[in-house]
Amino acid sequence: MMNKITPTADGSNTLFNESIGEHYHSKHGALQESKHVFIAAGLQHAVDTFTGQEIKVLEVGFGTGLNFLMSVAYADYHKTKLNYTALEAFPLRSDELESTGYNQYVLPKIWNGMMLNYGKAMQQSVEILQGQNLRIIHTYLHRYQTAEQFHIIYFDAFSVQHQPEMWTDEIITHVCQFLKPGGIFVTYAITGKLKRALKSIGFTIEKLPGAVGKREMLRATKSMAL
């Protein structure tokens, strides 16, 4: 599998996955998409919703680690504890992470913490910074099972056009069982099929303004009764 470094419209880089045929992030801006979708609409909302709690994140698709870096930067600044689990079927090599240049967007302690512990995080939960933990699980989503309950899911799979198996009703139902009641599902995409799948399992749907290049995005909240 070949991944080619590619600049995006906001000046930040992404990788183009030649086997999938798609970029890891929006060509309109990797950094702005991560901040808009997963931090502003996702993590910030979770921190406000679950006041004072350690926030447990489940990310579907660790990829380049950009969402993780932005999450740690936010949590560190706001003095929020973060317990971050990422599922990744095809982990990138350390040199591919280095090639992104994302070190320029976070404090050195955050970048170094991730890079020094990247390999170890695939074996066990690692404290990247005080109160900021990372665990990367090398598995396919449909095989993942846990008794753990998360406050928020970052659903950052490749698009339905390039990876339709990640967007089936069965997969959405499977991953959403890992959310706490009141937990949040957030993704860059929004389709009628996805909205119907989430509504059918008791979620409240919100259509939010999308990142640059997308009109809308989706945030959904799990019923407190579930």
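Colleague: How many cavities of 30 Å³ or more does a search of the whole structure find?

Modeller: This is a predicted model. The search finds one cavity of that size. The space in the largest cavity is about 40 Å³.

Colleague: Which residues line the largest cavity?

Modeller: Ser26, Glu33 and Val37 are on the list, along with Tyr188, Ala211, Val212 and Lys214. Sort the lining by type: four residues are nonpolar, one is polar and two are charged.

Colleague: Now the strands. In what order do the eight strands of the open sheet stand?

Modeller: Read across the sheet: β6-β7-β5-β4-β8-β9-β11-β10. The pairing is mixed.

Colleague: Which strands stand at the edges, and why is one side of each left without a neighbour?

Modeller: They are β6 (126–129) and β10 (203–209). Each has a single partner strand, so one side has no neighbour in the sheet. There is also a turn between strands: neighbours are rotated by 20 degrees against each other on average, direction ignored.

Colleague: Which helices pack on this sheet?

Modeller: Take α4 (residues 108–121), which touches β6 and β7 (132–137). The direction of α4 makes about 165 degrees with that of β6. Then take α6 (residues 192–200), which touches β9, β10 and β11 (216–222). The direction of α6 makes about 150 degrees with that of β10.

Colleague: How do I read a single strand, say β5?

Modeller: Start with the general idea. Side chains in a regular strand alternate between the two faces of the sheet. Now the case here. From β5, Leu82, Tyr84 and Ala86 point one way. Asn83, Thr85 and Leu87 point the other way.

Colleague: Are those residues of β5 buried or exposed?

Modeller: All are buried. That is six of six residues in β5 (residues 82–87). "Buried" here means under 20% relative accessible area.

Colleague: In which sense do β4 and β5 pair?

Modeller: Parallel, over six bridges, with β4 covering residues 55–60. Find Lys56: it stands opposite Asn83 in β5. Strands β8 (residues 150–155) and β9 (residues 179–187) also run parallel, joined by five bridges. There, Phe155 stands opposite Thr187 in β9.

Colleague: What is the strand order in the open sheet of three strands?

Modeller: The order is β1-β2-β3, and the pairing is antiparallel. The edge strands β1 (3–7) and β3 (22–23) each pair on one side only. Five bridges join β1 to β2 (residues 13–17). One spot to look for: Ile5 has Leu15 in β2 as its bridge partner.

Terms used
Residues numbered from 1 in each chain as written. Predicted model: local features only at pLDDT ≥ 70, side-chain atom pairs only at ≥ 80, totals over all residues. Heavy atoms only, no water. Pairing = 2+ DSSP bridges. Helix = DSSP H or I, 4+ residues; strand = E, 2+ residues; numbered from the N terminus. Axes fitted to C-alpha atoms, helices over the stretch in contact; angles between N-to-C directions. Contact = heavy atoms within 4.5 Å. 1 Å grid on protein atoms, 1.4 Å probe; cavity = no way out; pocket = protein on both sides within 12 Å on 5 of 7 lines; lining within 4 Å. Points joined across faces, edges and corners; volume = space filled by probe spheres on them. Nonpolar A, V, L, I, M, F, W, Y, C, P; charged D, E, K, R; others polar. Buried < 20%, exposed > 50% of the residue type's maximum accessible area, 1.4 Å probe, protein only.
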